[in-house]
Amino acid sequence: MVLVESIATTSLLGHRPLCGRIFFKDVSCKQKSSSNCRFSSTEFIGKRMVVSPLPSLRVGRLFNPSFKALAMELTKEVHAYRDEERTPRNWNYQLDTSVDRKPGLWLPENRADNPSLHNPLLRQERMGCGWLGAFFEWEGVIIEDNPQLEKQAWLALAEEEGKSPPPAFILRRIEGMKNEQAISEVLCWSRDPAQLRRMAARKEEIYQSLQGGIYRLRNGSQEFVNVLTRHKIPMALVSTRPRKVLETAIRAIGIEGFFSVIVAAEDVHRGKPDPEMFVYAAQLLKFIPERCIVFGNSNQTVEAAHDARMKCVAVASKHPVYELGAADLVVNRLDELSIVDLKNLADIESPEFGSEEPELELEMEEEEYKSSTSIAIDDIFW
């Protein structure tokens, strides 16, 4: 019956019907043959299809010689029709840097790719998880930090300006902020731009005098920076300190030349928890945010990094480990990390090919298919 139905379908597509000797087996498993086959002629009248039986035909050979050729033609027609639906007829081989592509075409757009690069190996490296950037904070990550000096500087500034000393929870809130941002938005001491600049500069002078110009590298930071340099991973230094202070400190501890980019207080309008500093550093290095890893020591840094769609490694220098659970990784020292850890953090292969909504739809379809299959089995069983 399957052969007869396929031949009838062939006749409906415009080919002449084929007749041949049909072999079958009876109950005794003996092979018998039948040289008669009966097909129906099909006529299309208006929108109706009229089927009339044909008389029996005697065929003297096994199959028509053109059966195989006609089957191959039908197969080619079906595949050609499907290809026309999936792919466009007119291909444009010009360089396309936009993200507007036809859905279903392979390969999908990779956000880490840069088609303007003429080196295919470099393009492949950028699309792999080995292409990443490292953004370091200054205090508490690269050098030792004394949080009490920052608090003393704010209390001294409040005494000079005749303001009430800020409570402890306010001092915790302004950690990582720019001085102008903390004075105007949290402390609310002034809104005049000139006064903001004056008080911010004075607060920085008080802090530097308390700090004494003595900088000491944290344990493991020098070794980790050397490993990243050896693997040619670009690094950026991000801090709310003035650029002049940062450059002086870098020369003092002997790590100049390690950082490709320095983002200082003069380069941004707002500090943490706003992600502006990290976004600007990624733009300077020409990196997508998903391939950037931020190294900080506070929850404000974790919040800013995640808002910028970056991964964050928290260093437990100022806060205990259990308070930094929102970070992607928490370490006590930077040299506890390896290049493999960074590559695992920068691996964005699954989400960069699109959203995860189609996968959820497929799972729902599979569940519906399983439920329908179970119902069909129950119906057959009963």
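Here a biologist and a modeller talk through a predicted model.

Biologist: Why is R123 called partly exposed?

Modeller: Its relative accessibility is 25%. Partly exposed lies between the limits of 20% for buried and 50% for exposed, so R123 counts as partly exposed. R123 is found in helix α3, residues 120-127.

Biologist: Which residues does R123 touch, leaving out those up to four places away in sequence?

Modeller: R123 touches D113, N114, P115 and L117. A contact means heavy atoms within 4.5 Å. As for A112, the C-alpha atoms of R123 and A112 are separated by 8.7 Å, and these residues are 11 apart along the chain.

Biologist: Let's turn to α6. What makes you say that helix α6 is largely enclosed by the rest of the structure?

Modeller: Helix α6 spans residues 179-187, and 7 of its 9 residues are buried, so the helix is largely enclosed. Buried means under 20% relative accessible area, and in α6 that holds for N179, Q181, A182, I183, S184, V186 and L187.

Biologist: What covers the buried residues of α6?

Modeller: The cover includes α4, α5 (168-173) and α7. Just after α6 comes C188, with a positive phi near 55°.

Biologist: Now the nonpolar core. How many residues does the largest one have, and which have the most contacts inside it?

Modeller: The largest nonpolar core has 34 residues, and F136, W138, L228 and F295 have the most contacts inside it. Among the elements that each supply at least two residues of this core are β7 (133-136), α8 (221-230), β8 (235-238) and α9 (243-253). The largest share, 5 residues, comes from α9. In soluble globular proteins, nonpolar side chains tend to be buried together.

Biologist: Which residues does F136 touch, again leaving out those up to four places away in sequence?

Modeller: The contacts of F136 include V141, I142, F224, L228, F259, F295 and L334, and also M235, A236, L237 and V238. There is also a second, separate core of 27 residues, which includes F278, C292, V302 and A305.

Biologist: How do you know that β7 and β8 pair?

Modeller: Pairing needs at least two bridges between the strands. β7 and β8 have 3 bridges, in the parallel sense, so they meet that requirement. One of the details is that L237 in β8 is the bridge partner of F136.

Biologist: And how many bridges join β8 to strand β9?

Modeller: β8 and β9 (residues 261-263) are joined by 3 bridges and run parallel. In β9, I262 stands opposite L237. M235 and L237 point one way from β8, A236 and V238 point the other way, and all are buried.

Biologist: Last, the cavities. How many cavities of 30 Å³ or more does the structure hold?

Modeller: There are 3 of them, and the largest cavity has a volume of about 470 Å³. Of the 28 residues that line the largest cavity, E139, E175, G176, R241 and K318 are the closest to its centre. Two or more lining residues come from each of α4 (147-161) and α7 (193-211), and the largest share of the lining, 4 residues, comes from α4.

Biologist: What makes up that lining by class?

Modeller: The lining of the largest cavity has 9 nonpolar, 8 polar and 11 charged residues. Gly counts as polar, while Glu, Arg and Lys count as charged. By that rule, G176 is polar, and E139, E175, R241 and K318 are charged.

How values were computed
Residues numbered from 1 in each chain as written. Predicted model: local features only at pLDDT ≥ 70, side-chain atom pairs only at ≥ 80, totals over all residues. Heavy atoms only, no water. Core = buried A, V, L, I, M, F, W, Y, C linked by side-chain atoms within 4.5 Å. Buried < 20%, exposed > 50% of the residue type's maximum accessible area, 1.4 Å probe, protein only. 1 Å grid on protein atoms, 1.4 Å probe; cavity = no way out; pocket = protein on both sides within 12 Å on 5 of 7 lines; lining within 4 Å. Points joined across faces, edges and corners; volume = space filled by probe spheres on them.
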